[in-house]
Amino acid sequence: MKKGKTDSMSITLEFDEQALASLPLGPGERERHMQIELACRYCARGWLSFGQATRLAALDHFAFGVALGERGIPRQYGLTEAQEDIAHARRQ
């Protein structure tokens with residue numbers, strides 16, 4: 001079965017409750033923050049392109065760029081990213 005653009009996969013991670021309780025985030029915020037954090041880190045390592053990481057974070061291009069900037073992560077910009085930006089602009 002092929003996965004389309006709207007398909008998603010769910011991953012379950014187990015964390016120590018006390019460690020999670022010490023985070024300055026509420027239960028609903030933790031999961032969302034972790035999703036964005038992973039996308040930023042994977043993008044920074046070059047494991048995901050900017051466009052792929054944007055989709056993983058479930059943010060638009062601008063918001064994901066802001067998330068990278070907040071973490072001091074420079075945006076890698078090469079041919080793949082330029083092509084993704086052009087494709088994104090054409091969809092707008």
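From the N terminus onward, the elements of the chain follow the order α-α-α-α-α. The model, which is predicted, accordingly contains 5 helices and 0 strands. The C-alpha trace extends over about 45 × 40 × 25 Å along its principal axes.

With regard to packing, the chain comprises 92 residues, of which 21% are buried. Contacts between residues at least 6 apart in sequence were also classified by separation: 45% of them join residues at least 24 apart.

The exposed surface of the chain amounts to about 7,200 Å². Carbon and sulfur atoms supply 56% of this area. As for charge, the chain carries 12 positive and 12 negative side chains. The centres of the two sets are separated by 9 Å.

A nonpolar patch is found on the surface, formed by Met9, Ile11, Leu13, Phe15, Leu38 and Leu56. Together, these residues present about 630 Å² of accessible area. One member of the patch, Met9, is located in the segment that precedes helix H1, which spans residues 17–21. The relative accessibility of Met9 is 65%, and the residue is therefore classed as exposed, since the exposed class begins over 50% relative accessible area. Methionine 9 thus combines a place before helix H1 with membership of the nonpolar surface patch.

Technical notes. Residues are numbered from 1 along each chain as its sequence is written. This is a predicted model: local features need pLDDT of at least 70, side-chain atom pairs count only at pLDDT 80 or more; totals for chains, interfaces and linings use all residues. Side-chain values use heavy atoms; hydrogens and water are left out. Helices (H or I, at least four residues) and strands (E, at least two) are DSSP runs, numbered from the N terminus. Buried means under 20% relative accessible area, exposed over 50%, partly exposed in between (1.4 Å probe, protein chains only). Contact means heavy atoms within 4.5 Å. Accessible areas come from the Shrake-Rupley method with a 1.4 Å probe; for residues, only the protein chains shown count as cover. Lys and Arg count as positive and Asp and Glu as negative; His and the chain ends are not counted. The place of a charge is taken as NZ of Lys, CZ of Arg, CG of Asp or CD of Glu. Patches are made of residues with over 30% relative accessible area and no salt bridge: like charges are joined within 9 Å, nonpolar side chains (Val, Leu, Ile, Met, Phe, Trp, Tyr) within 5 Å. A salt bridge is a side-chain nitrogen of Lys or Arg within 4 Å of a carboxyl oxygen of Asp or Glu.
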